[in-house]
Amino acid sequence: MNKRIIIFLVYVLTFIPIFSSAKENYLEQIKVDNLRVNKSNGSVHVNMTIVLDDLKINSNDQIILHPYFADMTSGEVIEQLPPFRVYGRRRGIVIKRMNGMGLDGTDIYVSQIERKNGTAQSIDYKYSFPLESWIYNANLLFAENVYACAGCMVKEEKKNISEKPLIEKPYIPNYLLSSIIPEVEPVKARAEKHTACINFLLDKSDILRNYKNNQAELDSVDKVISAVANNKDLKITHFEIVGYTSPEAPVSYNKSLAARRADALANYIVKTHGVSRNQFTVNGFGEDWNTLKANLSPLMKFRNEVIDIIENTPNPDDRDSKIVALDSGETYKLLLNSYYPALRRTEYSIAYNVRAFNIEEAKVLLKKNPKLLSLNEMYLVAKTYPFASKEYDEVYDIAAAAYPNEPTAVINVTSAFIRNKEYKKAIQLLSKLKNNADALNNLGIAYAYSGEDSAARDCFEKAAKLGCEKASRNLNELLKMLKTR
């Protein structure tokens with residue numbers, strides 16, 4: 001007869017007499033000590049000592065224990081841990097025989113032990129698995145299967161190892177965003193800066209409308225001035241005009257020529273638009289070497305040499321000859337034809353005051369010309385919409401676009417960005433306001449929600465030192481969260 005069949009028959013005949021003998025509640029005789037369930041590096045680690053000191057197992061029995069996590073609310077099994085088994089002496093003999101024949105499947109057990117009744121025995125159980133959110137509402141249990149013969153399960157029990165979740169749910173911080181009520185502007189003073197590239201005859205300062213592209217340039221000037229002068233909501237307070245020239249002639253001459261040409265534009269505006277001449281400040285700046293240096297193409301052959309001449313030749317009148325000497329005048333010709341014309345220009349600024357607007361007027365201007373509104377007027381418009389609504393946040397978006405360099409506008413719009421989970425946009429804007437407490441507070445929140453805990457902590461600490469109470473509170477919220485992570 002086949003050897004395996006003989007062994008199987010021996011195994012069956014050995015245990016048939018006690019098929020129904022396993023009535024003891026083995027699970028109550030097994031204790032758990034040093035239970036530790038913790039999380040780190042995105043994993044859950046289970047460690048416990050299975051104490052068998054009080055267990056009295058029948059010699060023919062084996063116990064299969066399955067640790068598992070179940071949902072505290074529904075009881076649903078969520079994560080099954082590898083089983084371990086404990087068996088009596090006679091069962092152990094059969095197990096060893098079957099192991100030798102490769103029939104027992106012992107590789108499924110994380111641990112197994114032959115119980116020696118009346119002695120101190122224990123199993124150190126360790127297992128890890130990926131961290132998932134269900135762990136915060138799950139408890140640990142044992143499922144026990146008792147076998148009294150080959151393949152014959154005679155009892156199935158389960159037992160709670162923990163009555164509550166073993167891992168504390170991470171603290172969810174409640175960060176307080178900074179937002180600022182803009183101050184009322186007693187006088188809404190505004191200014192616009194424009195450039196007119198008017199062409200003049202050589203050494204002349206007379207404005208000729210039909211000369212070269214002057215028609216288009218003067219039409220542009222007229223459009224700008226008319227838009228301000230004819231707007232009943234605005235009152236012009238001042239004009240400033242500055243003339244610039246290219247550097248072909250001596251410095252003193254170019255400065256005088258630039259002043260005359262600037263004065264010519266002032267006279268044109270007075271005559272064409274009826275503006276009072278005493279509202280003007282006119283200056284001749286003359287040669288503009290800084291703009292020339294900034295405009296030089298990186299591909300220009302002698303670019304570095306030209307920059308060196310500009311920066312290290314104190315007397316501007318000596319620069320032309322040095323540039324000519326670079327390559328027998330070729331670079332100078334390039335500058336004269338391609339770069340100098342752009343230097344000949346007149347810059348003009350219009351300063352004006354804007355009247356105050358009521359909320360309904362402000363709502364219209366918000367879409368048409370938001371720069372005529374103060375930040376306070378925009379804030380009052382925002383307040384007419386539900387907090388954090390699409391319309392509310394849109395007002396702050398427009399305010400930041402109209403006043404990109406105003407901390408109040410930036411702080412308020414980033415609070416909307418953060419509420420809408422646009423953390424990168426908030427970080428980009430707030431990073432420019434390094435010494436503003438409210439900006440640092442919002443920056444800390446944006447970093448915190450982006451998972452950059454160290455950067456968030458640094459921002460909260462700096463903002464707190466600058467006197468932001470919300471930042472102090474937010475720092476405590478962050479630390480509470482870190483303790484439970």
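**Exercise 1. Describe how helix H15 packs against helix H16, and say which residues make the contact.**

Step 1. Start with the geometry: helix H15 (residues 437-449) packs on helix H16 (residues 453-465) at an angle of about 160 degrees, and their axes are 8 Å apart. Here helices (H or I, at least four residues) and strands (E, at least two) are DSSP runs, numbered from the N terminus. Axes are lines fitted to C-alpha atoms, for helices over the stretch in contact, and angles run from 0 to 180 degrees between N-to-C directions.

Step 2. Put a word to the angle: H15 is roughly antiparallel to H16. The scale is under 35 degrees for roughly parallel, over 145 for roughly antiparallel, 65 to 115 for roughly perpendicular, and oblique for the rest.

Step 3. List the residues in contact (heavy atoms within 4.5 Å). H15 brings Ala437, Leu440, Asn441, Leu443, Gly444, Ile445, Tyr447 and Ala448, while H16 brings Asp453, Ala455, Ala456, Cys459, Phe460, Lys462 and Ala463.

Step 4. Sort them by class: 11 are nonpolar, two polar and two charged. In this scheme Ala, Val, Leu, Ile, Met, Phe, Trp, Tyr, Cys and Pro count as nonpolar, Asp, Glu, Lys and Arg as charged, and the others, Gly among them, as polar.

A note before you go on: this is a predicted model, where local features need pLDDT of at least 70, side-chain atom pairs count only at pLDDT 80 or more, and totals for chains, interfaces and linings use all residues. Residues are numbered from 1 along each chain as its sequence is written, and side-chain values use heavy atoms, with hydrogens and water left out.

**Exercise 2. Repeat the analysis for helices H10 and H11.**

Step 1. Helix H10 (residues 359-368) meets helix H11 (residues 375-382) at about 100 degrees, with the axes 9 Å apart.

Step 2. That angle makes H10 roughly perpendicular to H11.

Step 3. On the H10 side you will find Ile359, Ala362, Lys363 and Leu366, and on the H11 side Met378, Leu380 and Val381.

Step 4. The classes come to six nonpolar, no polar and one charged residues.

**Exercise 3. Work out the layout of the sheet that contains S10, S11, S12 and S13.**

Step 1. Trace the order: this open sheet of four strands reads S10-S13-S11-S12, with mixed pairing. Two strands pair if DSSP finds at least two bridges between them.

Step 2. Find the edges. Strand S10 (188-196) and strand S12 (280-287) each have a single partner strand, so one side of each is left without a neighbour in the sheet.

Step 3. Check the twist, which averages 15 degrees from one strand to the next.

Step 4. Zoom in on one pair: strand S11 (residues 234-245) and strand S13 (residues 345-354) are antiparallel over 10 bridges. Isoleucine 241 has tyrosine 348 in S13 as its bridge partner.

Step 5. Add the covering helix: H5 (residues 251-273) lies across S11, S12 and S13 and runs at about 145 degrees to S12.

**Exercise 4. Place strand S8 among its partners, and decide whether S8 is enclosed or open.**

Step 1. Strand S3 (residues 62-71) runs antiparallel to S8 and is joined to it by 10 bridges. Isoleucine 64 stands opposite asparagine 145 in S8.

Step 2. S8 is also joined to strand S9 (residues 152-160), by eight bridges and again antiparallel. Here asparagine 145 stands opposite glutamate 156 in S9.

Step 3. Strand S8 (residues 138-149) has 11 of its 12 residues buried, so it is largely enclosed by the rest of the structure. Buried means under 20% relative accessible area, exposed over 50%, and partly exposed in between (1.4 Å probe, protein chains only).

**Exercise 5. Compare the settings of asparagine 34, aspartate 203 and serine 415.**

Step 1. Asparagine 34 is in strand S1, and its phi is near 55 degrees, a positive value in a residue other than glycine. Asparagine 34 is exposed, at a relative accessible area of 52%.

Step 2. Aspartate 203 sits in the loop between S10 and helix H4 (214-229). Its phi is also positive, near 65 degrees, and at 41% relative accessibility aspartate 203 is partly exposed.

Step 3. Serine 415 belongs to helix H13 (residues 407-419) and is buried, with a relative accessible area of 2%. Leaving aside residues up to four places away in sequence, serine 415 touches Leu177, Ser178, Ser179 and Asn442.
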